[in-house]
Amino acid sequence: MDLPFKTISSRENATYKGLKTLRQAKKAHEAGLILVEGFRQVEEALSAGIQPQWLIASPSALAHERWPVLQALAVASLETSAFECLLLEPRLFESLSATPSPQGVAIVAPSPLVSSPAVNPVDHGLYLVLEGIQDPGNMGTMIRTADAFAFNGVILAGPTVDPFGDKALRSAMGSAFHIPVYQFPSIREAKQWLSTCQIPLVAAELSGETITRCTELMPPAALAIGNEGAGLSSEALSLADRHLKIAMPGQAESLNAAAAAAILCHLFALGRPE
């Protein structure tokens, strides 16, 4: 089955102009939509069950060797939820794209970000709590890390960079569609949610207890990583049930936030009972 494409060749097309506004993070957030670009990212999203509102392609994408796989995923998605397929002239797709050499395929879909979830945390679960993260590369890398170590979710506490923005999605390498991402207005509200299932908040900070063995760490736990420059807020530190630091015998004073998260997530994952 071929997808039913509608061709757009004018910048003044109302649908195209609406899609262009989604490149503004504020507009996309207000609309509750994300724009996912590139073969790998789109395939990951469709495979994870993300239902698009628009599938967007340029003529070059339809001739790409990966197109048959993506088209099959899109056709399967059409069977459960209708969406519009748009074929853009190359110059229009390039103007829409956030990358200098776009692959010519994208989807627009509802954001998977869950604000203040109604569901309870997973009993004996592992969560990664990110407070004040501002670098999209770090955000995506930490989501990918939590996915790699089978955490039950990523929690955003307070204002952070958009986890479903273009740079964060590329760093996450598809993991943003594999693991739940929850948003809370503050660390206090995130802590309250975790407390419903007695999941302790564990703060990563330089004055904490030095951890050297995975046997010292095990679920349930919610590992909190703070802002790249300032670390965790004083409120987060006061709410934490435990404070940890990574043993660093070298001369570096600290680790990048994403590197620290990777080490501690790995240790927590190893501490799971077999």
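This section describes the sheet, two of its strands, a buried helix, two pockets and two single residues of a predicted model.

The strands considered here belong to an open sheet of seven strands, which runs in the order β6-β9-β8-β7-β11-β10-β12 with parallel pairing. The edges of this sheet are taken by β6 and β12, each of which has a single partner strand, so that one side of each is left without a neighbour in the sheet.

Within this arrangement, strand β8, formed by residues 153-157, is largely enclosed by the rest of the structure, because five of its five residues are buried. The side chains of a regular strand alternate between the two faces of the sheet. In β8, Gly153, Ile155 and Ala157 point one way while Val154 and Leu156 point the other way, and all of these residues are buried. On one side, β8 pairs in the parallel sense with strand β7 (residues 126-131) over five bridges, and in this pairing leucine 128 stands opposite valine 154 of β8. Strand β8 also pairs with β9, again in the parallel sense, over four bridges. Valine 154 has valine 181 as its bridge partner in β9, and isoleucine 155 has tyrosine 182 as its bridge partner in that strand.

The connections between these strands pass through helices. Strand β7, helix α7 (residues 136-148) and strand β8 make a right-handed β-α-β unit, and a right-handed β-α-β unit is likewise made by β8, helix α8 (residues 166-172) and β9. Strand β8 therefore takes part in both units, as the second strand with β7 and α7 and as the first strand with α8 and β9.Glutamine 183 provides a view of strand β9, since its place is in that strand, which spans residues 181-184. With a relative accessibility of 18%, glutamine 183 falls under the 20% limit and so counts as buried. Leaving aside residues up to four places away in sequence, glutamine 183 touches Leu113, Val114, Ser115, Ser116, Leu156, Gly158 and Thr160. One of these contacts, Leu156, is itself a buried residue of β8.

Asparagine 120 offers a contrasting case. This residue lies in the loop between β6 (114-115) and β7, and because its relative accessibility is 53%, asparagine 120 counts as exposed. Its contacts, not counting residues up to four places away in sequence, are with Trp193, Thr196 and Cys197. The C-alpha atom of asparagine 120 is separated by 24 Å from that of histidine 243, a residue that stands 123 residues apart from it along the chain.

Burial is also found in helix α3 (residues 39-47), where seven of the nine residues are buried, so that the helix is largely enclosed by the rest of the structure. The buried residues of α3 are Phe39, Gln41, Val42, Glu43, Glu44, Ala45 and Leu46. What covers these buried residues includes β2, α4 (59-62), α5 (67-78), β5 (105-110) and α8. Just after α3, glycine 49 takes a positive phi of about 90°.

Two pockets were also examined. The largest pocket has a volume of about 480 Å³ and is lined by 22 residues, among which Ala204, Glu205, Leu206, Ser254 and Leu255 lie nearest its centre. The elements that give two or more residues to this lining are β10 (201-211), β12 (242-246) and α11 (257-270). By residue class, the lining of the largest pocket divides into 13 nonpolar, six polar and three charged residues.

The second largest pocket holds about 300 Å³ of space. Its lining is made of 17 residues, and His29, Ser111, Leu113, Asp162 and Pro163 are those that lie nearest its centre. Two or more residues of this lining come from each of the elements α2 (25-31) and β2 (33-37), and α2 gives the most, with three residues. The lining of the second largest pocket divides into nine nonpolar, seven polar and one charged residue. Leu113, listed among the residues nearest the centre of this pocket, is also one of the residues touched by glutamine 183.

How values were computed:
Residues are numbered from 1 along each chain as its sequence is written. This is a predicted model: local features need pLDDT of at least 70, side-chain atom pairs count only at pLDDT 80 or more; totals for chains, interfaces and linings use all residues. Side-chain values use heavy atoms; hydrogens and water are left out. Buried means under 20% relative accessible area, exposed over 50%, partly exposed in between (1.4 Å probe, protein chains only). Contact means heavy atoms within 4.5 Å. Two strands pair if DSSP finds at least two bridges between them. A crossover is right-handed if, with the strands pointing away from the viewer, the path from the first strand over the helix to the second runs clockwise. On a 1 Å grid over the protein atoms alone, a cavity is a set of points where a 1.4 Å probe fits but cannot get out, and a pocket is an open set with protein on both sides within 12 Å along at least five of seven lines; lining residues have an atom within 4 Å of a point. Grid points are joined across faces, edges and corners, and a volume is the space filled by probe spheres set on the points. Ala, Val, Leu, Ile, Met, Phe, Trp, Tyr, Cys and Pro count as nonpolar, Asp, Glu, Lys and Arg as charged, and the others, Gly among them, as polar.
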